[in-house]
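Trainee: I've got a new structure to get my head around. Could you talk me through it?
Mentor: Sure, have a look and ask away.

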Amino acid sequence: MISDKIAKMLNNQINQEFYSSYLYLQMGAFFEEEKLNGFAAWMKIQSHEEGTHAMKLYEYVLRANAKVELQKIEAPKNKWKDTLDVFQDTYKHEKQITSYINGIVDNALTEKDFATFSFLQWFVTEQVEEESTALLILDKIKLIGDNKTGLFFLDREMSGRAKS
Ligand code: FEO
């Protein structure tokens, strides 16, 4: 039902989503160390969400009668300068993920694989959300600058994220 090329790209994307989960879990640990519990909780929820993205792709590959081939997950970076540094990386990472998704969408269209094209629309929409959320938080962190009270209140706001 899907070509070997598309199956390979989807398998790579499963790996990327699990890598994202790892990356955000590592960022969560950074925030725990910094005693920013709201940011830590946000990252742990984000990490969990990335796992669900991987599983969506996993189920699709299976349903499409193709082979799931899990790959080694790269160890994420584990040192950051500060909160700003973490969210600069987060935003950069989500833009990278968007480009991977767009690459698969592009190939699905070229191959006239409309089933995969349609399946990926959820990810296209999700990436708009992921990028805009990361950018919004990044902008708030920039606005706060070195103000510790501002960071304290933003941390409190971050703890309000509900698990989906
Ligand atoms: Fe699953 Fe944050 O992209």
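## Loops, helices and rings

Trainee: Let's start with Lys112: is it buried or exposed?
Mentor: Bear in mind that this is a predicted model. Relative accessibility for Lys112 comes to 61%, and the cut-off to beat is 50%. Lys112 therefore counts as exposed.

Trainee: Which loop holds Lys112?
Mentor: There's a backbone quirk to notice here: Lys112 isn't a glycine, yet it has a positive phi of about 55°. Most residues other than glycine have a negative phi. As for its place, Lys112 is in the loop between H3 and H4.

Trainee: What about Lys35, what is its phi?
Mentor: Lys35 sits in the loop between H1 and H2, and at 66% relative accessibility it counts as exposed. Lys35 is not a glycine either, but its phi is positive, at about 65°.

Trainee: Let's step back to the whole chain. How many helices does it have?
Mentor: Reading from the N terminus, the elements go α-α-α-α-α. There are zero strands, and the helix count is five.

Trainee: How much of the chain counts as buried?
Mentor: For scale, the C-alpha trace spans about 55 × 25 × 25 Å along its principal axes. Take the contacts with a separation of 6 or more: 82% of them join residues 24 or more positions apart. Out of 164 residues, the share that counts as buried is 46%.

Trainee: How do H1 and H2 run, roughly parallel or roughly antiparallel?
Mentor: H1 covers residues 4-33 and H2 covers residues 37-63; their axes come within 8 Å and cross at roughly 170°. Angles over 145 degrees count as roughly antiparallel. That crossing makes H1 and H2 roughly antiparallel.

Trainee: And how many charged residues are in the contact of H1 with H2?
Mentor: Sort the residues of that contact by class. You get 16 nonpolar and 10 polar ones, and the charged ones number four.

Trainee: H1 also packs on H3, so how far apart are their axes?
Mentor: H3 is residues 83-110, and it packs with H1 at an angle of about 170°. The two are therefore roughly antiparallel. Their contact has 16 nonpolar, eight polar and four charged residues. The axes of H1 and H3 are apart by 11 Å.

Trainee: Which residues does Met43 touch, leaving aside its neighbours within four places in sequence?
Mentor: Met43 belongs to helix H2, and it counts as buried because its relative accessibility is 0%. C-alpha to C-alpha, Met43 lies 9.8 Å from Arg161, though the two are 118 residues apart in sequence. With those sequence neighbours left aside, its contacts are Tyr24, Met27, Gly28, Phe31, Val86, Phe87 and Thr90.

Trainee: What about Glu94, buried or exposed?
Mentor: Glu94 lies in H3. Beyond four places in sequence, it is in contact with Tyr24, Gln46, Glu50, Gln127, Glu130 and Glu131. Its relative accessibility is 2% and the limit is 20%, so Glu94 counts as buried.

Trainee: Now the aromatics: why is the pair of Tyr60 and Phe119 stacked?
Mentor: The structure holds 10 aromatic pairs, and in this one the ring centres are 4.0 Å apart. Planes under 30 degrees apart count as stacked. The pair is stacked because the planes of Tyr60 and Phe119 are at 5°.

Trainee: Which helices does that pair of Tyr60 and Phe119 tie together?
Mentor: Both residues are buried. The pair links parts that are 59 residues apart in sequence, since Tyr60 is in H2 and Phe119 is in residues 114-144, that is, H4. So the helices are H2 and H4.

Trainee: Which ring does the charged end of Lys56 sit over?
Mentor: Look for the charged end of Lys56 and then for the ring centre 4.3 Å away. That ring belongs to Trp122.

Trainee: Last one: which residues is Lys77 in contact with, leaving aside its neighbours within four places in sequence?
Mentor: Lys77 is in the loop between H2 and H3, and its 37% relative accessibility makes it partly exposed. From Lys77 to Ser132 is 23 Å, C-alpha to C-alpha, with their places 55 residues apart in sequence. Sequence neighbours aside, Lys77 is in contact with Tyr19, Gln26, Asp85 and Asp89.

Conventions
Residues are numbered from 1 along each chain as its sequence is written. This is a predicted model: local features need pLDDT of at least 70, side-chain atom pairs count only at pLDDT 80 or more; totals for chains, interfaces and linings use all residues. Side-chain values use heavy atoms; hydrogens and water are left out. Axes are lines fitted to C-alpha atoms, for helices over the stretch in contact, and angles run from 0 to 180 degrees between N-to-C directions. Helices (H or I, at least four residues) and strands (E, at least two) are DSSP runs, numbered from the N terminus. Angles under 35 degrees count as roughly parallel, over 145 as roughly antiparallel, 65 to 115 as roughly perpendicular and the rest as oblique. Ala, Val, Leu, Ile, Met, Phe, Trp, Tyr, Cys and Pro count as nonpolar, Asp, Glu, Lys and Arg as charged, and the others, Gly among them, as polar. Rings of Phe, Tyr and Trp (its six-membered ring) pair if their centres lie within 6.5 Å; planes under 30 degrees apart count as stacked, over 60 as edge-to-face and the rest as tilted. Buried means under 20% relative accessible area, exposed over 50%, partly exposed in between (1.4 Å probe, protein chains only). A charge sits over a ring if NZ of Lys or CZ of Arg is within 6 Å of the ring centre and within 35 degrees of the ring normal. Contact means heavy atoms within 4.5 Å.
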